[in-house]
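Here's a quick tour of a protein chain, written for someone just getting started. Take a look at the picture first, then read on.

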Amino acid sequence: MRDRRPMPADWYPGTVPENVLFDVTAYVGTSYSFTRCRSELPVGVRVGRGASLCDGTVLDIGPRGVVSLGEYALVTSARIVCDAAVEIGAYALISWDVVLMDTYRVPLDPAERGRLAVRSPVARRGAEDAIPALPVRSGRNSWIGFGACVLPGVTIGEGSIVGARSVVTEDVPPYAVVAGNPARLVRRLDRLAIKP
Ligand SMILES: CC(C)(COP(=O)(O)OP(=O)(O)OC[C@H]1O[C@@H](n2cnc3c(N)ncnc32)[C@H](O)[C@@H]1OP(=O)(O)O)[C@@H](O)C(=O)NCCC(=O)NCCS
């Protein structure tokens with residue numbers, strides 16, 4: 001176990017792992033966000049300049065996972081399940097109750113699921129961590145509406161919007177609005193003349 005740091009003025013009596021790096025200008029609400037962070041990489045979480053990781057967000061990160069928030073990205077009350085990589089681009093907005101997952105953590109094969117169910121929690125966790133993971137990316141200036149779910153391997157393009165409660169099963173091109181389950185193209189957006 002790595003050294004852990006307490007956070008000043010934290011409502012939760014927890015600590016932040018040493019491999020969580022945040023810029024001095026970033027906002028990280030509480031150590032509660034890291035209670036399920038088990039990354040063993042030198043950097044397991046990176047929160048960039050001016051980025052915000054707000055209360056209620058849970059980072060469920062396996063031993064080989066890394067989550068990164070680009071500058072001025074904002075994540076609020078989301079759940080991020082990561083065994084490989086989840087990248088949130090600069091200026092991206094991830095709304096409440098969004099789930100970004102780069103792994104299902106559960107085998108698709110019913111027999112395997114049954115075998116897992118009778119194992120000890122520690123053995124089960126090891127098997128879950130071995131399930132293949134595919135990185136998830138939310139591009140620069142993208143916006144994921146509340147309650148949406150983004151499945152393993154999906155990239156949301158720059159400037160795109162995902163409608164509330166959508167399930168995104170495939171890549172979203174840049175400057176597109178998608179919605180529904182499965183998420184489908186609703187319309188295209190004009191590219192911004194001025195980028196933030
Ligand atoms: C995706 C969204 C931005 C689209 O807004 P819009 O461009 O004004 O789209 P419209 O309302 O004109 O809808 C266009 C079509 O998409 C459908 N649609 C829009 N949002 C949808 C959603 N979340 N799920 C399913 N379908 C949706 C509409 O029914 C409509 O379908 P139709 O053409 O068959 O009638 C908006 O619907 C949304 O979900 N906003 C999320 C707000 C949010 O999460 N706020 C949290 C604060 S961070």
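## A hairpin at one end of a sheet

Let's start with one pair of residues: Ala179 has Arg184, in β21, as its bridge partner. That pair belongs to a set of four bridges joining strand β20, residues 176-179, to β21, and these two strands run antiparallel. Keep in mind that you're looking at a predicted model.

Together, β20 and β21 make a hairpin, with four residues sitting between them. Check out Gly180 in the turn: its phi is positive, at about 100°.

## The eight-stranded sheet

Where does that hairpin fit in? Its strands come last in the order of an open sheet of eight strands, which goes β4-β6-β9-β12-β15-β18-β20-β21. The pairing in this sheet is mixed. At the edges you'll find β4 (27-28) and β21 (184-188), each of which pairs on one side only.

Now hop over to β4. Its pairing with strand β6 (residues 52-54) is parallel and takes in two bridges. Here, Val28 stands opposite Leu53 of β6.

## The six-stranded sheet

There's another open sheet to find, this one with six strands in the order β3-β5-β8-β11-β14-β17 and parallel pairing. Its edges are β3 (20-22) and β17 (155-156); each has a single partner strand, so one side of each has no neighbour in the sheet.

Three bridges link β3 to strand β5 (residues 45-47), and the two pair in the parallel sense. One thing to spot here is Leu21, whose bridge partner in β5 is Arg46.

## The whole chain

Time to zoom out. The chain has two helices and 21 strands. Its radius of gyration is 17 Å, close to the 16 Å that the globule rule gives for 196 residues, so the chain is as compact as a globular protein of that length. Measured out along the principal axes, so to speak, is a box of roughly 55 × 45 × 25 Å, which the C-alpha atoms fill.

How much of the chain is buried? Of its 196 residues, 45% count as buried. And if you take contacts between residues at least 6 apart in sequence, 30% of them join residues at least 24 apart.

## Surface and charge

What's on the outside? The accessible surface of the chain comes to about 9900 Å², and carbon and sulfur atoms account for 57% of that.

As for charge, there are 23 positive and 20 negative side chains. The centres of these two sets lie 2 Å apart.

Terms used
Residues are numbered from 1 along each chain as its sequence is written. This is a predicted model: local features need pLDDT of at least 70, side-chain atom pairs count only at pLDDT 80 or more; totals for chains, interfaces and linings use all residues. Side-chain values use heavy atoms; hydrogens and water are left out. The radius of gyration is taken over C-alpha atoms; the globule rule is 2.2 Å times the number of residues to the power 0.38. Buried means under 20% relative accessible area, exposed over 50%, partly exposed in between (1.4 Å probe, protein chains only). Contact means heavy atoms within 4.5 Å. Accessible areas come from the Shrake-Rupley method with a 1.4 Å probe; for residues, only the protein chains shown count as cover. Lys and Arg count as positive and Asp and Glu as negative; His and the chain ends are not counted. The place of a charge is taken as NZ of Lys, CZ of Arg, CG of Asp or CD of Glu. Two strands pair if DSSP finds at least two bridges between them.
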